[in-house]
Amino acid sequence: MDEEQIANFVSAYLKKKGFKETEQAFQDELRHNKTNSSSSASSIDLDFAKRLLSFSEVENIPARYLEGYSKLRSWAYNSLDLYKHELLRVLYPVFIHCFMDLVAKGHIQEARTFFNRFREDHEMLHLRDLQKLEGVLSPSHLEEMEFAHSLRQSKVNIKICQYSYEMLLQYLHKTQTTVILGIINERINFQVFPGQPSSISDDAELVTLSGSTQETANQINKKEVQWGLLEDSLEERLEKAAGLLSDSEKAEVETKDGDVDENKKRTTEGGKQGASIKKVKKDKTAGAPGKTLRAEANSASMAPRVKPELALPIITTEVEQSILEDLRNRVQLSSVALPSVSFYTFINTHNGLNCSSISHDGALVAGGFSDSSLKVWDMAKLGQQAGNTVLQDENDMSSSDPVTGHTSGKRSYTLFQGHSGPVHSATFSPIGDFVLSSSADTTIRLWSTKLNASLVCYKGHNYPVWDVQFSPVGHYFASCSHDRTARIWSMDRIQPLRIMAGHLSDVDCVQWHANCNYIATGSSDKTVRLWDVQSGECVRIFIGHRSMILSLAMSPDGRFMASGDEDGTIMMWDLSTGRCVTPLIGHTSCVWSLAFSCEGSLLASGSADCTVKLWDVTSSTKPPRTDENKSGTANRLRSLKTLPTKSTPVYSLRFSRRNLLFAAGALSKSASTA
């Protein structure tokens with residue numbers, strides 16, 4: 001750059017800033033220097049002029065970002081409706097990277113102005129992300145904040161049709177907006193497909209983060225997952241017994257038919273009608289359970305059988321007979337046969353209830369509180385009947401022994417004390433003789449519901465433990481924590497058996513697979529991971545949620561998994577492929593609990609929006625029809641029924657072995673006034 005160009009830039013800068021006298025003096029000096037052609041003709045300090053030039057260019061950086069994004073936004077919103085929804089997907093990654101680039105260059109005030117001006121465009125889909133980015137106030141925050149750092153280290157995958165992609169390229173070349181072009185080139189990876197644009201959908205796979213996380217997920221999801229049921233399980237034994245029972249019943253009915261034929265000649269018409277009525281009633285009584293068992297057997301027989309990777313505990317004969325009795329009396333549910341629901345409502349909790357749990361038979365209900373206490377209600381002692389049951393937190397009653405948990409006075413529950421921080425999760429063993437609780441004090445405690453005493457304190461996590469879950473066979477349990485790990489434990493050891501590390505943020509929920517060979521974890525990093533219990537390795541990464549995952553549930557056959565997030569979205573996943581089968585759209589707030597019915601035909605979801613929803617799983621997991629694919633509509637899960645509470649957010653759900661649905665929550669004044 002020669003002296004004349006530098007002089008022109010300096011003049012332009014002085015004029016822009018309104019320094020008229022300085023500009024005039026500068027011009028006079030330039031004319032004076034031109035007339036005096038001496039060796040010292042250029043009395044301008046070149047270094048100073050270059051600094052002024054660079055400062056002028058820096059001053060224009062925020063304006064270029066603002067102008068470039070505003071033009072791109074206007075162009076996208078004014079595009080043809082057929083392509084608009086695809087082009088609008090580009091705006092969010094461009095928006096956040098414009099903001100972070102401005103912060104990185106030190107334009108903090110301009111970055112905040114830019115952020116506040118356009119944030120409303122993205123709040124509906126990305127509110128949680130925007131709330132995190134609000135905390136970025138200096139260039140150092142971009143490195144210290146893990147979320148912002150991961151965004152700057154990764155690319156965004158956007159699925160877009162060929163014509164929309166060509167329209168975008170034509171616009172960028174025409175407008176010559178180098179700043180926006182640079183961001184799109186560096187931060188966005190377009191996955192272009194031929195044909196018509198995709199439909200307007202909430203399918204989260206249309207916009208995903210790439211980089212190390214996505215590449216790792218693609219590699220991990222190629223691993224084989226044995227999603228079948230355990231060999232020689234109680235359900236399998238019952239199926240075999242049901243098959244033998246149906247054969248013997250068939251022979252018995254044939255014998256009775258012969259006896260009826262012989263007696264036809266010796267009976268009157270009325271007698272024949274009476275015998276016929278009795279026979280029909282008996283057939284219905286004996287045949288209904290048989291049909292139920294055979295239907296369940298057909299459904300379960302489709303699932304492969306796998307060997308357990310853990311040493312399974314021995315079940316006593318008494319417990320086994322009790323479980324088999326429940327399975328024999330199980331009600332077969334479907335889209336036309338919905339379950340009965342029993343709802344437990346906590347009152348007078350004063351916003352202190354953090355979690356609740358229900359035993360497998362619904363006889364016990366536990367609540368974890370902010371005052372570090374765990375309280376267990378025995379429904380038999382309350383004399384409750386099916387329906388809406390009220391559980392009162394009687395804080396004014398006399399205190400109990402913190403070690404044994406024995407109660408005195410008129411308290412209607414058993415108080416367990418031992419934690420030194422809020423209790424965030426509780427879970428009953430399959431039989432109901434033990435209950436586990438996890439706390440902000442970083443520990444997990446095992447309590448006996450028979451002895452009303454604390455048995456073991458498990459220490460291993462370094463930060464608050466958000467969730468703990470017993471395995472389907474008992475003895476083993478899994479926990480997850482703010483320390484970004486999940487851990488496998490056994491009741492007889494105080495140290496964890498396995499530590500699962502890999503999530504990028506808090507691990508908020510954990511769930512066992514039906515065959516106990518895997519556990520699933522949901523995290524604030526918006527992913528769900530599936531872990532092999534024996535090796536401790538991650539075998540699946542499920543990417544698609546747009547907010548933290550709060551609840552998980554496994555289908556009884558072990559093939560599917562449901563996950564619920566903070567925005568109210570539920571996603572159904574196929575464990576064998578690692579892909580989302582269908583999204584479940586309906587809740588308007590956090591999904592705190594999910595539960596499959598025992599035969600797997602229904603999914604129940606409980607939310608902070610004070611509703612329980614029932615979904616038809618059978619129709620959702622079928623392959624989509626050809627005409628649906630052509631029209632581009634998603635094969636969404638069908639909502640069968642919505643069960644609203646008056647003003648009680650739903651904390652937990654549980655299907656009993658007989659397919660009765662239990663739910664629990666705390667009465668909330670804020671929910672009733674909202």
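Let me open with contacts. Among contacts in the protein chain between residues at least 6 apart in sequence, 57% join residues at least 24 apart. One caution before the details: this is a predicted model.

Now the overall make-up. The protein chain has 674 residues, and 49% of them count as buried. Its secondary structure comes to 19 helices and 33 strands.

Helices next. Take H5, residues 91-104, and H9, residues 146-153. Their axes are 11 Å apart, and they pack at an angle of about 105°. H5 and H9 are therefore roughly perpendicular to each other. Which residues of H5 and H9 make the contact? On the H5 side we have Ile96, His97, Met100, Asp101 and Ala104. H9 brings Ala148, Leu151 and Arg152.

On to the aromatics. The structure holds 20 aromatic pairs. I'll show two. In the pair of Tyr83 and Tyr163, the ring centres are 5.0 Å apart. Their planes stand at 45°, so this pair is tilted. Where do the two tyrosines, Tyr83 and Tyr163, lie? Tyr83 lies in helix H4, residues 81-87, and Tyr163 in helix H10, residues 162-175. The pair therefore ties together parts that are 80 residues apart in sequence. Are these rings buried or exposed? Tyr83 has a relative accessible area of 13%, so Tyr83 is buried. Tyr163 comes out at 45% relative accessibility, so Tyr163 counts as partly exposed.

The second pair is Phe477 with Trp489. These rings are stacked, with 6.0 Å centre to centre and 5° between the planes. Phe477 belongs to strand S17, residues 476-481. Trp489 belongs to strand S18, residues 485-490. This pair therefore ties together parts that are twelve residues apart in sequence. Phe477 is buried, at a relative accessible area of 0%. Trp489 is buried too, with a value of 0%.

Stay with S17 and S18 for a moment. The loop between them holds Arg484. Arg484 is not a glycine, yet its phi is positive, about 70°. With a relative accessible area of 36%, Arg484 is partly exposed.

Two more items on rings. Tyr69, Phe95, Phe99, Phe114, Phe115 and Phe118 form one aromatic cluster. Then there is a charge over a ring. The charged end of Lys375 sits over the ring of Phe369, 4.4 Å from the ring centre.

Back to backbone angles. Asn348 also has a positive phi, near 60°, in a residue other than glycine. Where is Asn348 found? Look in the loop between strand S6, 341-347, and strand S7, 353-358. Asn348 is partly exposed, with a relative accessible area of 37%.

S7 takes us to the sheets. Four strands form an open sheet, in the order S7-S8-S9-S11. The pairing is antiparallel. Which strands stand at the edges of this sheet? S7 and S11, the latter covering 414-417. Each has a single partner strand, so one side of each is left without a neighbour in the sheet. From one strand to the next, the twist averages 20°. Look closer at S7 and its partner S8, residues 364-369. They run antiparallel, and five bridges join them. Ser357 stands opposite Ala366 in S8.

Here is another sheet. This open sheet has four strands as well, ordered S20-S21-S22-S23, and its pairing is antiparallel. The edges are S20, 507-512, and S23, 538-543. Each of these edge strands has a single partner, so one side of each lacks a neighbour in the sheet. The twist averages 20° from one strand to the next. In the middle of that order come S21, residues 518-523, and S22, residues 527-532. They pair in the antiparallel sense over five bridges. Ala520 has Leu530 in S22 as its bridge partner.

To recap three points. H5 and H9 pack at an angle of about 105°. The pair of Tyr83 and Tyr163 is tilted, while the pair of Phe477 and Trp489 is stacked. The sheet S7-S8-S9-S11 is open, and so is the sheet S20-S21-S22-S23.

Technical notes: Residues numbered from 1 in each chain as written. Predicted model: local features only at pLDDT ≥ 70, side-chain atom pairs only at ≥ 80, totals over all residues. Heavy atoms only, no water. Phe/Tyr/Trp six-rings, centres within 6.5 Å; stacked < 30°, edge-to-face > 60°. Buried < 20%, exposed > 50% of the residue type's maximum accessible area, 1.4 Å probe, protein only. Lys NZ or Arg CZ within 6 Å of the ring centre and 35° of its normal. Pairing = 2+ DSSP bridges. Axes fitted to C-alpha atoms, helices over the stretch in contact; angles between N-to-C directions. Parallel < 35°, antiparallel > 145°, perpendicular 65-115°, else oblique. Contact = heavy atoms within 4.5 Å.
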